[in-house]
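Subject: Structure handover

Hello,

Here is the structure I said I would pass on. My notes on what was found in it come after the file.

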Amino acid sequence: MLFGYVTAMTSPGFAMKPAHLLHLWPLLMFAGMSLVLPGEGVSADSLDRARGGWPPNATAVSGLLLYSVAIIYSALALRRVTRHRQRLQHEFSFEEKVTLRWLRILLTLYLLLALFGLLVALVRLIPGVELWPRSIFSTASAITLFYLIAFFGLWQPDVFSGRRQKTEQEPVTRYAGSNLDTDALESLWLRLQALMANDRPYLEHELRIADLAERLETSTAHLSQVINQCGGKNFFDYVSSYRVEMAKDLLVRGDAGMAQVAQDAGFNSQSAFYRQFRKVTGLAPGEFQRQQQVSA
């Protein structure tokens, strides 16, 4: 279920399909084990015997498999979130609410917890070895992480809201088979630069590449190709460069605070403003402003 949530949040055009039911195999596996393996029941006595060394009883085997399944699916989910973050730079000009940073942190914690649990379970197979934490503590920690994910998930907006089908049909990071020749590429690049200079869409806090593609009457794939090949940047950095230039002008005037400068320049947050300004100029906004005041 956790892997399914991550898949839905990071996949444009996601739709539930019968094939997704194959991920219920852990449930079927454990149900089958309860029928095939000698039944002991989940009791204090069986848990004590599970820590009794080699050979492992049914409870110990179930624990090892449970940790293994948790590691596999949390690792797959973490990889999806990481790839999602990398792809966002080709589609979004902002990071807030779409990077799923909170989910990446909680998945990392859960993966580490599952790895530690598996290590403890393996060491307990050695006769005479008894380790902490007990099952109750590891289980409580896992449940706490699940509830945290559920809590934050309720407040997480849909990343691809209103853009799912279009984004799915036009992946923006692959240009193989593109029908844009050199002239068309240059023409679209000039139109894009004119749009950015005249209409200043970069001032929109939640600008997406699909928004610009719609205004230019082209596809997101073609627009992304133009920005990468002609501008030498991904979409995120391309829009940020315009916002930083606007911020520099506002800082030179010196009649607004940093929070207002970030807002007026199109940044979605003050932290994003500081991060991108330093990335482009090598200076913090305050340092840049002081340098300009001294030179003036």
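Is Arg-275 buried, partly exposed or exposed, going by its relative accessibility? The value is 40%, so Arg-275 counts as partly exposed. Before taking that residue further, please note that this is a predicted model, and the values below are computed from it.

**Overall**

The chain has 296 residues, and 41% of them are buried. It contains 14 helices and 0 strands, so the pattern read along the sequence is α-α-α-α-α-α-α-α-α-α-α-α-α-α. Of the contacts with a separation of 6 or more, 72% are between residues 24 or more positions apart. The accessible surface of the chain is about 16,600 Å². Carbon and sulfur atoms account for 60% of that surface.

**Salt bridges**

Side chains of opposite charge can pair when their charged atoms come close. The search of the whole structure gave 5 salt bridges; three of interest are described here.

Arg-275 is in one of them: its side chain meets that of Glu-95, at 2.8 Å from N to O. Arg-275 belongs to helix H13 (residues 270-281), while Glu-95 sits in the loop between helix H4 (58-88) and H5, so the pair ties together parts 180 residues apart in sequence. Glu-95 has a relative accessible area of 22% and is therefore partly exposed, as Arg-275 is at 40%.

H13 also takes part in a salt bridge through Lys-279, whose partner is Asp-237, with the closest N and O atoms 3.0 Å apart. This pair too links distant parts of the chain: Asp-237 is in helix H11 (residues 235-253) and Lys-279 in helix H13, 42 residues apart. Asp-237 has a relative accessible area of 19%; the cut-off for buried is under 20%, so Asp-237 is classed as buried.

Within H11 there is a salt bridge between the side chains of Glu-245 and Lys-248, at 3.3 Å from N to O. These two residues are 3 apart in helix H11, which means that about one helical turn separates them. Glu-245 is partly exposed, because its relative accessible area is 41%.

**Packing of H13 and H14**

Two packed helices are described by the angle between their axes and the distance between the axes. For H13 and helix H14 (residues 285-295), the angle is about 60° and the axes are 9 Å apart. H13 is therefore oblique to H14. On the H13 side, the contact is made by Phe-273, Tyr-274, Phe-277 and Arg-278. Pro-285, Glu-287 and Phe-288 make it on the H14 side. Sorted by class, the residues in this contact are 5 nonpolar, no polar and 2 charged.

**H9 and the residue after it**

Helix H9 (residues 209-216) has 6 of its 8 residues buried, so it is largely enclosed by the rest of the structure. The buried residues are Ile-209, Ala-210, Asp-211, Leu-212, Ala-213 and Leu-216.

Just after H9 comes Glu-217, with a positive phi of about 55°. Glu-217 lies in the loop between H9 and helix H10 (220-231). Its relative accessible area is 75%, so Glu-217 is exposed.

**Positive phi at Lys-97**

Most residues other than glycine have a negative phi. Lys-97 is not a glycine, yet its phi is positive, at about 75°. Lys-97 is located in the loop between H4 and H5. With a relative accessible area of 55%, Lys-97 is exposed. Glu-217 is likewise a residue other than glycine with a positive phi, near 55°.

**Leu-125**

Which loop holds Leu-125? Leu-125 is in the loop between helix H5 (101-123) and helix H6 (135-155). Its relative accessibility is 12%, so Leu-125 counts as buried. In sequence, Leu-125 and Trp-54 are 71 residues apart, but in space their C-alpha atoms are 5.3 Å apart.

Regards

Notes. Residues numbered from 1 in each chain as written. Predicted model: local features only at pLDDT ≥ 70, side-chain atom pairs only at ≥ 80, totals over all residues. Heavy atoms only, no water. Helix = DSSP H or I, 4+ residues; strand = E, 2+ residues; numbered from the N terminus. Buried < 20%, exposed > 50% of the residue type's maximum accessible area, 1.4 Å probe, protein only. Contact = heavy atoms within 4.5 Å. Areas by Shrake-Rupley, 256 points an atom, 1.4 Å probe, with all protein chains shown as cover. Salt bridge = Lys/Arg side-chain N within 4 Å of Asp/Glu carboxyl O. Axes fitted to C-alpha atoms, helices over the stretch in contact; angles between N-to-C directions. Parallel < 35°, antiparallel > 145°, perpendicular 65-115°, else oblique. Nonpolar A, V, L, I, M, F, W, Y, C, P; charged D, E, K, R; others polar.
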